[in-house]
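Trainee: Could we go through this model together? I should like to begin with the ligand.

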Amino acid sequence: MSLPPRATCVIVGGGVVGCSLAYHLAKHGLKALLLEAHELAGGSTGRCAGGVRQQFSTHQNVVLGMESRNLLLQFADETGVDPGFRQIGYLFVGTQPSHIELFHRNVAMQQAAGLRDVTFLEPDAIGELVPGIRKEDLLGGTYCPSDGIASPNEVTTGYATAARRLGAHIEENTQVVDIEVTESGAFRVITGTHEIETGIVVDCAGAHAGAVGQMVGVPLPVLPYRRHIFVTEPLAEPLRIPMTVDFGTSFYAHPEGGGLLLGMSDPDEGSSFSTEVSWDFLEHLVEHAVWRLPALAGAGIKTGWAGLYEVTPDHQAIIGKTRVPGFWVSCGFSGHGFMQAPAAGAHLADAIVADAIPEQLVSFSLERFSSEQTEPELAVI
Ligand SMILES: Cc1cc2nc3c(=O)[nH]c(=O)nc-3n(C[C@H](O)[C@H](O)[C@H](O)COP(=O)(O)OP(=O)(O)OC[C@H]3O[C@@H](n4cnc5c(N)ncnc54)[C@H](O)[C@@H]3O)c2cc1C
């Protein structure tokens, strides 16, 4: 492996966020050096459910979602790689009056933001959309047919391949162990074998973003939380459902290889870097799964895994500058990084090249945590 002694920009982390940024910088002619400790998409990206949605509770997340959806629609033309984007829709269902109140508020705000195809559904309409869903306790839901699922590996490698084609240097199995700020204000990025001088470092280290921030004395409020996914064996009668999210329990499911991919968060589990699978948790998840989708009773589980969410206090990403000039961040996506990476990379590349924050990134600044109360994202799974 040979690394250059100098680079215009060093990106730390080769998940979907870092690779999208490398590609969008390369489109501007800025050929970054991306350093990935293990393999591309080997972190949270490779363990994610592939969900792509625009239905959020904050305006800025809806906009970022719509922009990312558009970038995914043109992804194959741009990169030559099929991202596997299938617009199967996202359905949120609610069982509490508070869910319905939030759903109505969200739909109004989302439509005003330009998401025209999102609608509120009464329980009977939910039953028509998802035959077999248990609807006796449902009070309503929201549905957006242009949401969907895509392939995290294809999107990440598609960006990486296209970035390399435009001159970016991407190196796997290269961990950044320290970053020194030199007297002139430049950075010395230190790996196990090399030192690279650069004027710009971007922290795209996912759940490990905090550790990279610490190297230059920038505290980042990003905590790791374990999240599980299980995939069933093929079902006798495949369920052709949209990505379906039970808002009260956070149970979600989407079709996967003739069966379903199932996920749910555990609100009682604290922050940790553990990615060990808890099979006890599977029992808990299956109870909720079979309640909402009774056809799952008796379905076998083919495989399961766990990965890390990278959570901020308001469940929204941190994208932009820090108080250390030249040290930028794109992290803390709080479980939405795959679906937001396309537009996040495009806007951050514009910002780095212009050395100015575009309108779309103002709400994602790190500064928001030190000033006023932030508006939390509420459509969190
Ligand atoms: C179970 C699960 C389901 C999910 N489902 C969805 C979903 O449906 N939709 C969605 O949008 N999001 C989902 N997410 C969240 C999504 O996976 C993340 O938000 C996203 O992958 C973050 O991308 P990233 O590139 O920032 O992080 P990562 O993919 O974690 O990439 C960061 C990379 O940085 C590298 N790194 C760290 N430290 C260093 C260092 N010092 N030097 C060099 N490299 C370093 C790591 O090795 C890693 O590869 C899910 C997550 C999980 C765990």
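Trainee: How far is an oxygen atom of the ligand from an N or O atom in the side chain of threonine 45?

Mentor: That separation is 2.5 Å, where a polar contact is a pair of N or O atoms within 3.5 Å. Please note that this is a predicted model, in which local features need pLDDT of at least 70 and side-chain atom pairs count only at pLDDT 80 or more, while totals for chains, interfaces and linings use all residues. Residues are numbered from 1 along each chain as its sequence is written, and side-chain values use heavy atoms, with hydrogens and water left out.

Trainee: What about glycine 51?

Mentor: A polar backbone atom of glycine 51 is 2.8 Å from an oxygen atom of the ligand. For alanine 49, a backbone N or O atom lies 3.1 Å from a nitrogen atom of the ligand.

Trainee: And how many residues surround the ligand?

Mentor: There are 39, each with a heavy atom within 4 Å of the ligand. Met339 is one of the closest.

Trainee: Met339 in α9 meets α2, I believe. At what angle do α2 and α9 pack?

Mentor: Helix α2 (residues 59-73) and helix α9 (residues 337-354) pack at about 95 degrees, with axes 7 Å apart. That makes α2 roughly perpendicular to α9 (65 to 115 degrees). Helices here are DSSP runs of H or I, at least four residues, numbered from the N terminus. Axes are lines fitted to C-alpha atoms over the stretch in contact, and angles run from 0 to 180 degrees between N-to-C directions; contact means heavy atoms within 4.5 Å.

Technical notes
Polar contact = N/O pair within 3.5 Å; in protein donor to acceptor, adjacent residues only side chain to side chain. Helix = DSSP H or I, 4+ residues; strand = E, 2+ residues; numbered from the N terminus. Parallel < 35°, antiparallel > 145°, perpendicular 65-115°, else oblique.
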